[in-house]
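Here are my notes after going through the model. Have it open beside you as you read.

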Amino acid sequence: MIDIRPVGYFVGWLIGVLGLMMLVPMIFDLIDRDPNASAFAISSAITLTLAGCLIFACADTRQRDLTLRQGFLLTSTAWLGFTIVGSLPLILGSPHMSFTKSFFETMSAMTTTGATVIVGLDTMPRGLLLWRGILSWVGGIGVVLFAMILLPVLKIGGMQLQRTSDFNTMGKIMPRAKQIALSLGTVYLVLTLCCALAYAWSGLSEFDAVVHAFTTISTGGMANSDASFGNFGPATHYVAIVFMLLGGLSFVRFVQFAAGDPGPLLSDSQIRAFLVLTAALCLGLLFARILAGHPIDEPALRAVVFNLVSVITTTGYASTDYTAWSSLAIVIFFIATMIGGCSGSTSGGPKVFRYQILVSAV
């Protein structure tokens with residue numbers, strides 16, 4: 001019989017953090033004098049109350065380390081708990097969706113899938129748009145980072161969660177889970193900040209720059225407009241290409257690079273394979289467009305690279321309807337969806353590393 005008290009205790013702390021995060025979009029709606037602020041206030045109160053009940057109910061645990069079974073249970077329970085409470089603002093406020101649609105939208109954001117059931121994003125309150133971005137950003141690697149930081153603080157082992165979350169640290173570059181989490185979290189924050197500044201430089205408003213930075217680095221693809229990136233200029237597209245690619249690379253290599261050791265980042269066979277595959281598929285798309293009689297100019301080249309990088313990193317942004325390019329192009333995009341980014345990145349999909357293992361085993 002599994003002792004679920006350590007799991008419940010930690011899940012309580014995690015959803016408590018999410019409840020506090022709800023106050024940020026609430027503040028934006030208050031600034032805009034949008035009545036949707038009350039939805040975030042009520043959702044935060046409900047979430048914090050639930051978190052407090054879980055913490056106090058399970059606070060008598062004395063277990064210092066999670067077992068492997070508890071680690072798996074914690075991983076799945078944390079994701080489910082985040083999704084349920086994260087759905088509350090969508091149910092109680094704009095767009096006042098049903099639980100099923102709200103759960104779908106939140107799960108899509110948390111898993112950085114990027115699918116949405118919301119229509120009319122251009123007219124939605126800023127609080128809602130920011131909340132979708134926050135959920136995507138937290139879902140990138142945020143849940144794992146929260147866990148690895150808080151578990152040692154709460155006297156509960158954190159490496160078990162790392163082992164059950166498909167999070168590759170390439171042989172533990174640092175000795176303790178908390179140190180790993182802090183280093184990865186710093187890299188994640190710096191990349192997000194750089195992405196936001198680059199988007200602002202490209203012409204986006206400060207708000208759009210921040211929200212799209214959240215959903216780009218996390219490869220979540222939650223845009224603030226129904227047209228996704230279709231209404232943005234070329235500079236914004238190029239910024240997105242760069243940071244989607246960075247989000248698809250192994251974050252552990254960024255930590256090593258920041259520590260003054262660029263060798264692993266430059267020599268990683270997985271990263272090289274990912275970049276080569278991306279370039280090869282881009283060339284394939286250009287060839288498909290040539291066969292279909294489409295002109296090859298700068299806008300066409302940009303559209304090819306932007307949409308292919310978005311698909312292969314599982315981000316989900318779109319700048320045009322690429323399904324109209326040709327049947328061959330659709331096949332190439334389908335192949336790209338089956339690849340994904342690098343292990344240890346925020347992107348989804350099978351990951352390049354697994355294909356390398358498969359090839360080496362043949």
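1. Ground rules. Helices (H or I, at least four residues) and strands (E, at least two) are DSSP runs, numbered from the N terminus. What you have is a predicted model, where local features need pLDDT of at least 70 and side-chain atom pairs count only at pLDDT 80 or more, while totals for chains, interfaces and linings use all residues. Residues are numbered from 1 along each chain as its sequence is written, and side-chain values use heavy atoms, with hydrogens and water left out.

2. The overall picture. There are 17 helices and zero strands in the protein. Of its 362 residues, 52% are buried (under 20% relative accessible area; exposed is over 50%, partly exposed in between, with a 1.4 Å probe and protein chains only). Looking at contacts (heavy atoms within 4.5 Å) with a separation of 6 or more, 72% join residues 24 or more positions apart.

3. The H1/H2 pair. Helix H1 (residues 5-21) packs with helix H2 (residues 23-31) at about 10°, and their axes are 4 Å apart. Axes here are lines fitted to C-alpha atoms, for helices over the stretch in contact, and angles run from 0 to 180 degrees between N-to-C directions. The two helices are therefore roughly parallel (angles under 35 degrees; over 145 is roughly antiparallel, 65 to 115 roughly perpendicular, and the rest oblique). H1 brings Gly19, Leu20 and Met21 to the contact, and H2 brings Leu23, Val24 and Pro25. By type, that is five nonpolar residues, one polar and no charged (Ala, Val, Leu, Ile, Met, Phe, Trp, Tyr, Cys and Pro count as nonpolar, Asp, Glu, Lys and Arg as charged, and the others, Gly among them, as polar).

4. Ile31. This one belongs to H2, and it counts as exposed because its relative accessibility is 57%. Look across to Gly127 as well: the two are 96 residues apart in sequence, yet 9.9 Å apart in space, C-alpha to C-alpha.

5. Two helices with regular lengths. H4 (residues 68-86) has 19 residues, which should span 27 Å at 1.5 Å a residue, and its end C-alpha atoms are indeed 27 Å apart (the expected span is 1.5 Å times one less than the number of residues). Its buried residues are Gln70, Gly71, Leu74, Thr75, Ala78, Gly81, Phe82, Thr83, Val85 and Gly86. H11 (residues 234-247) has 14 residues and reaches 20 Å from first C-alpha to last, close to the 20 Å expected. In H11 the buried set is Thr236, His237, Val239, Ala240, Ile241, Phe243, Met244 and Gly247.

6. Backbone oddities worth a look. Most residues other than glycine have a negative phi, and most peptide bonds are trans. The peptide bond from Ser94 to Pro95 is cis, with omega near 10°; Pro95 is in the loop between H5 (88-92) and H6 (99-110). Thr112 has a positive phi, near 50°, and is in the loop between H6 and H7 (126-153). At 6% relative accessibility, Thr112 is buried. Ser228 also has a positive phi, about 55°. You'll find Ser228 in the loop between H10 (206-217) and H11, buried at 13% relative accessible area.

7. Val117. What does this loop residue, placed between H6 and H7, touch beyond four places in sequence? The list is Met97, Lys101, Phe104 and Glu105. Glu105 is 12 residues away in sequence and 6.6 Å away in space, C-alpha to C-alpha. With 33% relative accessibility, Val117 counts as partly exposed.

8. The core. The largest nonpolar core (buried Ala, Val, Leu, Ile, Met, Phe, Trp, Tyr and Cys residues joined through side-chain atoms within 4.5 Å) has 86 residues, and Trp131, Tyr199, Phe251, Leu285 and Leu308 touch the most other members. Leaving aside neighbours within four places in sequence, the contacts of Phe251 include Ile141, Leu184, Tyr188 and Leu246, plus Gly344, Ser345 and Thr346.

9. Phe333. This residue sits in H16 (residues 327-337) and is buried at 5% relative accessible area. Beyond four places in sequence, Phe333 contacts Leu285, Asn307, Leu308, Val311, Tyr322 and Trp325. Leu281 is 52 residues from Phe333 in sequence, with 8.3 Å between their C-alpha atoms.
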